[in-house]
Amino acid sequence: MNWPRGCRAKAEYPLKDKTTFKIGGCAQFFSEPEDLTELKFLLGAAKKNKLPVFVLGAGSNLLISDKGVKGLVIKLNSAYFKKVALKGSCLEAGSGVTLSQLIKFAQTKSLAGLEFLAGIPGTLGGALAMNAGCWESAIGDLVKEVGVMDYSGRIKILGSKEIKFSYRKSSLEKYIILSALLGLKKSSRRQIQKNISKYLMFRRKAQDLSQPNAGCIFRNPPQRYAGKLIDLCGLKGRRSGGAFVSERHANFILNLSKASAKDVLGLMRIIKKKVKDKFKITLQPEIKIWA
Ligand SMILES: Cc1cc2nc3c(=O)[nH]c(=O)nc-3n(C[C@H](O)[C@H](O)[C@H](O)COP(=O)(O)OP(=O)(O)OC[C@H]3O[C@@H](n4cnc5c(N)ncnc54)[C@H](O)[C@@H]3O)c2cc1C
């Protein structure tokens with residue numbers, strides 16, 4: 001495949017280490033565009049060659065197939081997509097910036113509101129696509145505007161009223177998210193640090209970070225916790241190949257020893273069946289599966 005001049009895409013690029021699960025095969029093509037022009041050219045070439053396009057953030061909510069991904073995987077990882085700037089009491093940030101970088105930047109400017117996201121290992125783009133959140137808050141609550149590119153290369157600025165955010169979902173998933181304007185409020189750096197430490201402590205108590213994982217595997221069904229249902233089925237510690245249901249948080253699957261995507265999917269099937277048999281509830285995956 002010939003890419004247009006100025007576009008750099010690598011063929012058969014390993015993705016495993018681009019995810020927190022440390023699982024998965026190669027991308028048929030992989031690119032980290034320098035700026036909007038290169039991104040637009042890449043999309044145009046992918047369209048011309050009928051290649052599906054996937055956007056990768058920090059890979060913290062992803063299970064990538066052992067066979068890899070047919071198509072073009074794009075990661076907005078250049079300095080252009082990681083800019084953060086202060087605008088009054090708002091932050092304007094590129095989608096490639098990590099949540100921890102964003103929280104730190106806000107803290108240096110004495111701006112509060114992002115602390116509940118501390119410890120979520122994603123990028124701003126991934127967090128907006130997934131409407132990431134916890135402790136009854138979600139990133140969508142802070143959004144004033146989002147800059148996106150559609151898959152034809154057209155750029156739009158969407159106001160908060162034009163975007164639908166719901167539980168671990170947003171209408172932004174159909175775009176490439178470029179940037180966002182987030183509304184925060186003034187506070188003291190000391191108070192912000194206190195909040196960050198509190199949320200990190202909650203997280204350390206609740207989650208199992210001992211081995212590579214992708215956070216919660218299943219969405220919580222209405223009024224129930226997926227982790228509790230899985231636990232009540234006696235599945236903590238259940239193993240399939242190198243994949244293992246955490247003893248600490250039953251909605252976490254750990255990559256204990258060179259787990260394959262097949263191992264994880266096998267374990268997910270067992271969990272779904274047991275929960276369905278016992279509670280008549282069909283669990284839905286929260287993680288995105290790229291096959
Ligand atoms: C230990 C651990 C704890 C976690 N805790 C939480 C938690 O408390 N709450 C929570 O909500 N999540 C949690 N997660 C899941 C995950 O971190 C979040 O969903 C995060 O926001 C995903 O961001 P990412 O950049 O890693 O996205 P990725 O995993 O790379 O991608 C996720 C989805 O977002 C899309 N996407 C990524 N970037 C863009 C972009 N620029 N434009 C368009 N689409 C894009 C991808 O195509 C994919 O569909 C946790 C994960 C781990 C490993």
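How do the residues of the shell around the ligand divide into nonpolar, polar and charged? The legends below take up this question and then turn to other parts of the predicted model.

**Figure 1. The shell of residues around the ligand in the predicted model.** The ligand is surrounded by 34 residues. Of the residues in this shell, 17 are nonpolar, 14 are polar and three are charged. Val55, Gly57, Ser60, Thr123 and Gly133 are the closest to the ligand.

**Figure 2. Elements that supply the shell around the ligand.** At least two residues of the shell come from each of the following: strand 3 (53-56), helix 3 (124-130), strand 9 (133-134), strand 15 (176-183) and strand 20 (288-290). The element that gives the most is helix 3, with five residues.

**Figure 3. Polar atoms beside the ligand.** A nitrogen atom of the ligand is placed 2.9 Å from a polar backbone atom of Ile177. For Arg168, the side chain has an N or O atom 3.1 Å from an oxygen atom of the ligand. A polar backbone atom of Ala127 lies 3.3 Å from an oxygen atom of the ligand. The protein buries 93% of the 970 Å² that the ligand exposes when taken alone.

**Figure 4. Gln107 in helix 2.** Helix 2 covers residues 99-108, and Gln107 is part of this helix. Is Gln107 buried or exposed? The relative accessible area of Gln107 is 14%, and because this value is under the cut-off of 20%, the residue counts as buried. When neighbours within four places in sequence are left aside, the contacts of Gln107 are Arg189, Ile192, Gln193 and Ile196.

**Figure 5. The hairpin of strand 6 and strand 7.** Strand 6 (residues 84-87) and strand 7 (residues 90-94) run antiparallel and are joined by four bridges. Opposite Lys87 stands Cys90 in strand 7. Two residues lie between the strands of this hairpin, and Gly88 in the turn has a positive phi of about 65 degrees.

**Figure 6. An open sheet of three strands.** The strands follow the order 17-18-19, and their pairing is antiparallel. Which strands stand at the edges? Strand 17 (239-240) and strand 19 (253-255) do; each has a single partner strand, so one side of each is left without a neighbour in the sheet. Two bridges link strand 17 to strand 18 (residues 243-245) in the antiparallel sense. Ser240 has Ala243, in strand 18, as its bridge partner.

Technical notes:
Residues are numbered from 1 along each chain as its sequence is written. This is a predicted model: local features need pLDDT of at least 70, side-chain atom pairs count only at pLDDT 80 or more; totals for chains, interfaces and linings use all residues. Side-chain values use heavy atoms; hydrogens and water are left out. Buried means under 20% relative accessible area, exposed over 50%, partly exposed in between (1.4 Å probe, protein chains only). Contact means heavy atoms within 4.5 Å. Two strands pair if DSSP finds at least two bridges between them. A residue is near a molecule or strand if one of its heavy atoms lies within 4 Å of it. A polar contact is a pair of N or O atoms within 3.5 Å; within protein, one must be able to donate a hydrogen and the other to accept it, and residues adjacent in sequence count only if both atoms are side-chain atoms. Accessible areas come from the Shrake-Rupley method with a 1.4 Å probe; for residues, only the protein chains shown count as cover. Ala, Val, Leu, Ile, Met, Phe, Trp, Tyr, Cys and Pro count as nonpolar, Asp, Glu, Lys and Arg as charged, and the others, Gly among them, as polar.
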